Amino acid sequence: MGAQRAKGVLRVKSVEQSIRDTEAPEHRLRKDLSALDLTVFGIGVIVGTGIFVLTGRVARDLAGPAVALSFVAAGIVCALAALCYAEFASTVPVAGSAYTFSFATLGEFPAWIIGWDLTLEMALAAAVVAVGWSGYLTSLLSSFGIHLPSAIAGEGAAFNLPASLIVLVLTAILVAGVKLSSRVNFVIVTIKLAVVLLVIFAGLFFINGENYTPFIPPAKSTPAVGGLAAPLIQVLFGITPVAYGIFGVFGAAAIVFFAYIGFDIVATAAEETRNPQRDLPIGIIASLSICTVLYVAVSLVVVGMQPYSKLSEAAPLADAFKAVGQTWAATLISIGALAGLTTVVMILMLGQSRVLFAMSRDNLLPRGLAKVHPRFGTPSRITIIMGVIVAILAGLVPLSTIAELVNIGTLFAFVVVSIAVVILRRTRPDLPRSFRTPLVPLVPILSVLACVYLMLNLPVETWIRFVVWMIIGVVIYAGYGYRHSRLAESAPDGHQGVGPA
């Protein structure tokens, strides 16, 4: 009996079945996206919190001017994973990203775990970024003499109304159609890229070379890495937790990794892409490459303009320009930050709804949630439900340091996708692959090792929260998903439906 159950949780949904599911009339998504749309989607979610918020915090507390190296390290890890994602997304062009890829290779239970993991990543990140959006809006309005009551806006608000409202507005846009979403995103991305380029080129005139010395500050113990905030790898090896130095650079890389989440969300839109075999690899790799260059340039400019120890956590770019007397630039940067964080929230919610859509279509969640709107061709039910949940979270959750929790979920998904590429190459060498990850299995192995290393650089408390979330997911799967799964319906004894993808 136990052996049958073990086989049941590892039952695999074939690639062909996954693709056939996309053609069912009640679950068919409209194919409106091009390679340009996907690239802009990727840039839309990547260029946001990383540039406008995290740069100041990690430079001040962990890496110093060497934060640029942290962005490079995180970008390399993402590039390795992106090559694996690109092969999978072009081979299995189905909504759900890492969840769908895992179901086709590792089995149902690993797929559920990844889907649950992505829920943590995207929903929580969308809520917190919405709170950050509210903070920039409050700051911008105050510069024009408009002061929102502290009870409805700001870090200590009883209910953060602007954060909730922006989530609900973006939910309506997402329900109205992915093409409308992409057009709104294109306009906003254009605005924030213009602001980012302004920061880079205008900031060059205010750089003080002395701020780069020392480029990698000497390692030392600080309150920022004390107690449960200490990186797990330093605790495991009995190293006194330190910030700065080489350990600080990699500790910062594990946190600024949050700035790169986005190219994996491009993969969730596979089912709505006109030519996924060609366009998905382009969208994934192009968006990641462009954003890595922008991040390194901005981080070098900001730490050159202001001593790293004086950078602010809330608005490092704007405050760096205020520090050199350029308040006009600070105002423009605040506007760019609003635009940037708007697209981050929207695309996180887009990705979240597509993952849950795929899970509902497989009956691991109630199947009625996967119904597509007859007019707009979007998964309206799941989008609205998630929009309301994220709006409530955004209203109630204060803006705190939770980027680490989002990061560990994302890195875990990258590990699984990298492993799954190797498995699918062995089990289904016959599948057409318009993009092939180079140097398999070397690149996937390097991707796994790099992701695990960054995970180990995250704080102990992050690991504790992640384990608790995963345990909750296991309980829900055991109580609902295992029994209601479509594969369970076709294979009630646990034997049928199990086998190679």
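# Questions about this model

Trainee: Why does L439 count as exposed?

Mentor: In this predicted model, L439 has a relative accessibility of 60%. The label asks for over 50%, so L439 at 60% counts as exposed.

Trainee: Where is L439 found, and what is its phi?

Mentor: L439 is in the loop between α17 and α18. Its phi is positive, about 55 degrees, although L439 is not a glycine.

Trainee: What makes a positive phi worth pointing out in a residue that is not a glycine?

Mentor: Most residues other than glycine have a negative phi. L439, at about 55 degrees, goes against that. The loop between α17 and α18 also holds P441, and the peptide bond from V440 to P441 is cis, with omega near 10 degrees.

Trainee: Which other cis peptide bond can I look up, and where does its proline sit?

Mentor: Try the bond from T213 to P214, which is cis with omega near -5 degrees. P214 is in the loop between α9 (178-203) and α10 (232-236). As a rule, most peptide bonds are trans.

Trainee: Back to phi: what do we know about N363?

Mentor: N363 has a positive phi of about 70 degrees and is not a glycine. It lies in the loop between α15 and α16.

Trainee: Is N363 buried or exposed, and how do you know?

Mentor: Its relative accessible area is 9%. Buried means under 20%, so N363 at 9% is buried.

Trainee: N363 follows α15. What makes α15 "mostly covered"?

Mentor: Count its residues: 30 of the 35 in α15 are buried.

Trainee: How does the reach of α15 compare with what is expected?

Mentor: From its first C-alpha to its last, α15 reaches 51 Å, close to the 51 Å expected at 1.5 Å a residue. Helix α16 (residues 380-396) passes the same kind of check: its 17 residues reach 24 Å, close to the expected 24 Å.

Trainee: Which residues of α16 are buried, and what do they pack against?

Mentor: The buried residues of α16 are S380, I382, T383, M386, G387, V390, A391, A394 and G395. They pack against α7 (108-143), α8 (161-176) and α15 (327-361).

Trainee: What could I keep in mind about helices while reading that list?

Mentor: An α-helix has 3.6 residues a turn, so residues three or four places apart point the same way.

Trainee: Why does S380 count as buried?

Mentor: S380 lies in helix α16, and its relative accessibility is 10%. The limit for buried is under 20%, so S380 at 10% counts as buried.

Trainee: Which residues does S380 touch, leaving out those up to four places away in sequence?

Mentor: V175, K371 and H373. S380 and T171 make a good pair to look up as well: they are 209 residues apart in sequence and 9.2 Å apart in space, C-alpha to C-alpha.

Trainee: What share of the contacts in the protein between residues at least 6 apart joins residues at least 24 apart?

Mentor: The share is 84%. For the whole protein, buried residues make up 59% of its 501 residues, and it has 20 helices and zero strands.

Trainee: How many disulfides does the structure hold, and how do you know that C84 is not in one?

Mentor: It holds zero disulfides. A disulfide needs two cysteine sulfur atoms within 2.5 Å, and the sulfur of C84 is 8.7 Å from the closest one, in C451, so that is too far for a bond.

Trainee: Why is C451 not bonded to its own closest cysteine?

Mentor: The closest sulfur to that of C451 is 7.5 Å away, in C78, which is too far for a bond. C84 has a relative accessible area of 0%, and C451 has 0% too; with buried set at under 20%, C84 is therefore buried, and C451 is buried as well.

Trainee: What is the volume of the second largest pocket, and which residues are closest to its centre?

Mentor: The second largest pocket has a volume of about 250 Å³. Of its 18 lining residues, R57, A224, A229, E404 and P459 are the closest to the centre. The elements that give two or more residues to this lining are α4 (49-63), α11 (245-256) and α19 (460-484).

Trainee: How do the lining residues of the second largest pocket divide by type?

Mentor: Nine are nonpolar, four polar and five charged.

How values were computed:
Residues numbered from 1 in each chain as written. Predicted model: local features only at pLDDT ≥ 70, side-chain atom pairs only at ≥ 80, totals over all residues. Heavy atoms only, no water. 1 Å grid on protein atoms, 1.4 Å probe; cavity = no way out; pocket = protein on both sides within 12 Å on 5 of 7 lines; lining within 4 Å. Points joined across faces, edges and corners; volume = space filled by probe spheres on them. Helix = DSSP H or I, 4+ residues; strand = E, 2+ residues; numbered from the N terminus. Nonpolar A, V, L, I, M, F, W, Y, C, P; charged D, E, K, R; others polar. Buried < 20%, exposed > 50% of the residue type's maximum accessible area, 1.4 Å probe, protein only. Expected span 1.5 Å × (residues − 1). Contact = heavy atoms within 4.5 Å.
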